[in-house]
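Biologist: I am new to this structure and would like a close look at a single part. Please take one helix, then walk me outward to what surrounds it.

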Amino acid sequence: GDRFTKLHRRGSVKPEDIPTDDPAFYKHLGSTQQLRGHALDPDLLQHQRRGFNASKGPFQLPRLIHQTVPDRKKLSCQQMQLMRSWRDKNPGYRHIIWDDNDIQRFVRTYYPRLRLMFEGFVKPVERADIFRYLVLHAKGGVYADTDVQCMEPVDTWNDVNRYDAAVLTGIEFNNKKEGFQLNNWVIAAMPRHVLMMRVITEARDFITSHFFQLAKRGGSIHSSEYDKTILARTGPKAWTRAVLFYIEAILRHTTSRPLVENHLYGDVRVVSVPWLSLSWGRDCNIAVKEWHASKHAPEEGRPLACHQFFGSWKGNSYQFQHDKVQSFECKQEFEDSGPLDEDFM
């Protein structure tokens, strides 16, 4: 292979090795290089070497709901309405709103070895992606984007299958045209699950390999080319790769591609498309009916959560959905308990 591939494998990088004048290249790449050769989760390596039998349920998810915002004092009407749905549907749960300051403190406290990598990300959405995996690893519970509506109490999500899943994840799409992808905008998990560390490894490896690809072309991490790979670097594509790795390499299950909907793989349940997916700004129940009609499938149950796609990280790319977005009124301010207390951190 070429010298970039050799450097990549050796884990040593010098500025003169990379033909780019972007200083952020070296800062971020250097932070990921520090992690090469170190197990992000030692248990994961042991499971991979020796084989691993997933824990058996019943699993009672921690009564925690995690959501992230840049600034808790600057919430849109849509965000407040949808975030309130999680509190209204889940009395007895602790609903935690993490802002950027909370997140920085959390990473420094729980994952100091990942701090340089975390702070080196160029886009806020990359840090938001990584945080959801880390907070579920440390605390467990449910993570949901702020443009996701809770449709059914979280306590009911796992009870239909007698609490057999330590991780619940939804299919975003599963068809011949688009392929197969899990979503990462809502994930439920028990704490300390090795899958959450695997997705961090996926992000680290993708960063390193993609930086070399950009460098060889004289590219920049501030380019549109870099932006196009966010989904694969830290987003749902990275999450999908991690889940498949866990099922196939750690659990050593023989799987078909795509994965079977509403199936338990070890301790990970892959939830059917209409229950943890869909909507695009429409009424969720209507979206589910339309999905079933298009598939000529009988309707069973109700959607658990519904993505309204108010997210702004892609700028204007969702503007074409504006006429479909439900009109939410700000009837009252969102009740927030303020910064996290030290006993939780």
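Modeller: Start with helix 4. Its buried residues are Q79, M80, L82, M83, R84, S85 and W86. Buried here means under 20% relative accessible area. Several strands help to cover these residues, among them strand 1, strand 2, strand 3, strand 4, strand 6 and strand 10. Keep those names in mind. We will visit some of them in turn.

A word of caution comes before that. This is a predicted model. The protein chain has an average pLDDT of 74, and 62% of the residues reach at least 70. Confidence varies along the chain. Among its elements, strand 3, residues 141–144, has the highest mean pLDDT, at 96. Helix 1, residues 3–10, has the lowest, at 42. Two stretches stay under 50 in pLDDT. One is residues 1–23, with 36 contacts in the model beyond four places in sequence. Another is residues 315–328, with 19 such contacts.

Now back to helix 4. How does its span compare with what its 13 residues should give? At 1.5 Å a residue, they should span 18 Å. The end C-alpha atoms of helix 4 lie 19 Å apart, which agrees.

Next, see where helix 4 sits along the chain. Strand 1 covers residues 64–68 and runs parallel to strand 2, with 5 bridges joining the two. One of the pairings puts T68 with W98 of strand 2. Between these strands the chain passes through helix 4, residues 77–89, in a right-handed β-α-β crossover. Is strand 2 enclosed or open? Of its 5 residues, 94–98, 4 are buried, so strand 2 is largely enclosed by the rest of the structure.

Strand 1 and strand 2 also meet another helix. The buried residues of helix 5 pack against both strands, and against helix 6 and helix 7. Helix 5 spans residues 100–110, and D102, I103, F106 and V107 are buried there. Why do these four fall on the same side of helix 5? They cover an arc of only 130 degrees around the axis, which puts them there. The general rule for an α-helix is 3.6 residues a turn, so residues three or four places apart point the same way.

Now turn to strand 6, also part of the cover over helix 4. Of the 11 residues of strand 6, 10 are buried, so the rest of the structure largely encloses this strand. Strand 6 has antiparallel pairings with two strands we can follow. With strand 3 there are 4 bridges. A144 stands opposite V186 of strand 6 in that pairing. With strand 5, residues 167–175, there are 7 bridges. There, I171 faces L182 of strand 6. A hairpin of 3 residues links strand 5 to strand 6.

Finally, look at two loops beside these strands. Y163 is in the loop between strand 4 and strand 5. Its phi is near 55 degrees, a positive value in a residue that is not glycine. Y163 counts as partly exposed, at 25% relative accessibility. R192 is in the loop between strand 6 and helix 8. R192 is not a glycine either, yet its phi is positive, about 65 degrees. R192 is exposed, with a relative accessible area of 54%.

Methods. Residues are numbered from 1 along each chain as its sequence is written. This is a predicted model: local features need pLDDT of at least 70, side-chain atom pairs count only at pLDDT 80 or more; totals for chains, interfaces and linings use all residues. Side-chain values use heavy atoms; hydrogens and water are left out. pLDDT is the predictor's confidence in each residue, from 0 to 100. Contact means heavy atoms within 4.5 Å. Buried means under 20% relative accessible area, exposed over 50%, partly exposed in between (1.4 Å probe, protein chains only). Two strands pair if DSSP finds at least two bridges between them. A crossover is right-handed if, with the strands pointing away from the viewer, the path from the first strand over the helix to the second runs clockwise. The expected span of a helix is 1.5 Å times one less than its number of residues. The arc is that of the directions from the helix axis to the C-beta atoms.
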